Amino acid sequence: MNSENTAKKTDDFSFEKQQEYIELLKQIIKNKYQNPPLAMVVPYGCQQNVSDCERFKGILSEIGYNFTDDADKADLMLYKTCAVREHAEDRVFGNIGALKHYKRRNPNLIIGVCGCMAQQETVSERFKKSYPYVDLLFGTHVEHKLPEFLYRLFTEKGRVFETDDTEHEIVEGIPVLRDGTYKGWLPIMHGCNNFCTYCIVPYVRGREHSRKYTEILKEAKEMVAAGFKDITLLGQNVNSYNSPEKLPDGSEINFPKLLEMINEIDGDFRIRFMTSHPKDCSDELLHTMSRCKKVSRHLHLPFQSGNDRVLNKMNRKYTRQKYLSRIKLARSLMP
């Protein structure tokens, strides 16, 4: 790869370039609106989407937006979609369809769609052809580029649709504006490598990428210092976490080790995690849970089926007996 391509990749998959767009947008917002514009950010589906929306709010807050739950007052509507739950997908199409009335009343309203539905080519084309009032659509691999997309909307004619399939390490440094003050989400990894036969997650979220353990510990300490008492670690397959960074002695940091490190942070708080995969629910993890006083005695462990033939067809990579053995060990260690 030549230096030009390397520079482009660095710009595309870091937040440093987006900070430049944020500064440009601040001036645009100041000139365009008498009062701070209002954004309405709506998550559908999983807890990861809720957490992602907290990062969208962090970005929009830095640009100069305030927030509202009233669609009649919004200058920007951003819908974070889910393609895993059919009900959530149906709701998105229905709710986006109703937005044309708001666009008619306020032609300057920006309507955006992002997330797992947006990552699918067929859905993206449907929005492009059947929902002409949708101004902005972007997929899961480029969500950190929201400032760039908004800048293009304000300075160029036309709509912005971006569904790049290029995967990358998790982008750090994105500002976060959390919804609560007691219970908070802390994403530690994205994507999934399991390819269960019924699941679209690896295709829309991509393959597994774990955050650096130093970044996770930094964010956890910030949450504790801010007064959060209940911290939930998030990932599509959270217990397969494996940090791209190693300890100074060269040893790797897996999920049990990460739990121990967060447990050692000073403060009065509780640790939870979801979603776990039974095939990665190891003896080491359960023993670690039992030893760490701040880790909640709560195990989110989907079973999908109690039939080995069905589990095999689902490509779940564990058996009924394997699942039951996990529960038996967990109960023996944490009655």
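Guide: Before we look at any helix, take the word buried, which here means under 20% relative accessible area, with exposed meaning over 50% and partly exposed in between (1.4 Å probe, protein chains only). The model is predicted, so local features need pLDDT of at least 70 and side-chain atom pairs count only at pLDDT 80 or more, whereas totals for chains, interfaces and linings use all residues. Residues are numbered from 1 along each chain as its sequence is written, and side-chain values use heavy atoms, with hydrogens and water left out.

Visitor: How many helices and strands does the protein chain have?

Guide: Helices (H or I, at least four residues) and strands (E, at least two) are DSSP runs, numbered from the N terminus, and by that reckoning the protein chain has 14 helices and 11 strands. Of its 335 residues, 51% count as buried, and along its principal axes the C-alpha trace spans about 60 × 45 × 45 Å. The radius of gyration, taken over C-alpha atoms, can be set against a globule rule of 2.2 Å times the number of residues to the power 0.38; for 335 residues a compact globule would have a value near 20 Å, and the 21 Å of the protein chain agrees with that.

Visitor: Which residues of helix H8 are buried, and what covers them?

Guide: In H8 (residues 146–155) the buried residues are Leu146, Pro147, Glu148, Phe149, Leu150 and Leu153. To say what covers them we use contact, meaning heavy atoms within 4.5 Å, and the cover includes helices H2 (16–32) and H3 (47–63) together with strands E3 (76–81), E4 (110–115), E5 (136–138) and E6 (160–162).

Visitor: In what order do the 6 strands of the open sheet stand?

Guide: Two strands pair if DSSP finds at least two bridges between them, and here the order is E2-E1-E3-E4-E5-E6, with parallel pairing. Strand E2 (66–67) and E6 stand at the edges with a single partner strand each, so one side of each is left without a neighbour in the sheet. Within the sheet, E3 and E4 run parallel and are joined by 6 bridges, and Tyr79 stands opposite Val113 in E4. H3 packs on this sheet, touching strand E1 (38–43), E2, E3, E4 and E5, and its direction makes about 165° with that of E1; such axes are lines fitted to C-alpha atoms, for helices over the stretch in contact, and the angles run from 0 to 180 degrees between N-to-C directions.

Visitor: Which strands does helix H7 lie across, and why are its buried residues on the same side?

Guide: An α-helix has 3.6 residues a turn, so residues three or four places apart point the same way. H7 (residues 121–130) lies across E4, E5 and E6, running at about 170° to E6. The buried residues of H7 are Val123, Ser124 and Phe127. These cover an arc of only 105° around the axis, which puts them on the same side of H7, the arc being that of the directions from the helix axis to the C-beta atoms. The face turned away from that buried side carries the exposed residues Glu121, Thr122 and Lys129, while the cover over the buried residues includes helix H4 (86–97), helix H6 (116–119), E4, E5 and E6.

Visitor: What is the order of the open sheet of 3 strands?

Guide: The order is E7-E10-E11, again with parallel pairing, and the edge strands E7 (183–187) and E11 each pair on one side only. Strand E10 (residues 230–234) is joined to E11 in the parallel sense over 5 bridges, and in E11 the bridge partner of Asp230 is Arg270. H3 packs on this sheet too, touching E7, E10 and E11 at about 90° to the direction of E7, and helix H10 (residues 213–225) touches E7 and E10, its direction making about 170° with that of E7.

Visitor: With which side chains does the side chain of Arg272 make a polar contact?

Guide: A polar contact is a pair of N or O atoms within 3.5 Å; within protein, one must be able to donate a hydrogen and the other to accept it, and residues adjacent in sequence count only if both atoms are side-chain atoms. Arg272, found in strand E11 (residues 270–274), makes such a contact with the side chain of Asp230 at 3.1 Å, and another of 3.3 Å joins it to the side chain of Ser296.

Visitor: Where is there a cis peptide bond, and which residue other than glycine has a positive phi?

Guide: Most residues other than glycine have a negative phi, and most peptide bonds are trans. In this model the peptide bond from Met274 to Thr275 is cis, with omega near 0°, and Thr275 is found in the loop between E11 and helix H12 (283–291). Gln304 has a positive phi near 65°; this residue lies in the loop between H12 and helix H13 (308–313) and is partly exposed, with a relative accessible area of 38%. Asn315 likewise has a positive phi, of about 60°, in the loop between H13 and helix H14 (320–333), and counts as partly exposed at 29% relative accessibility.
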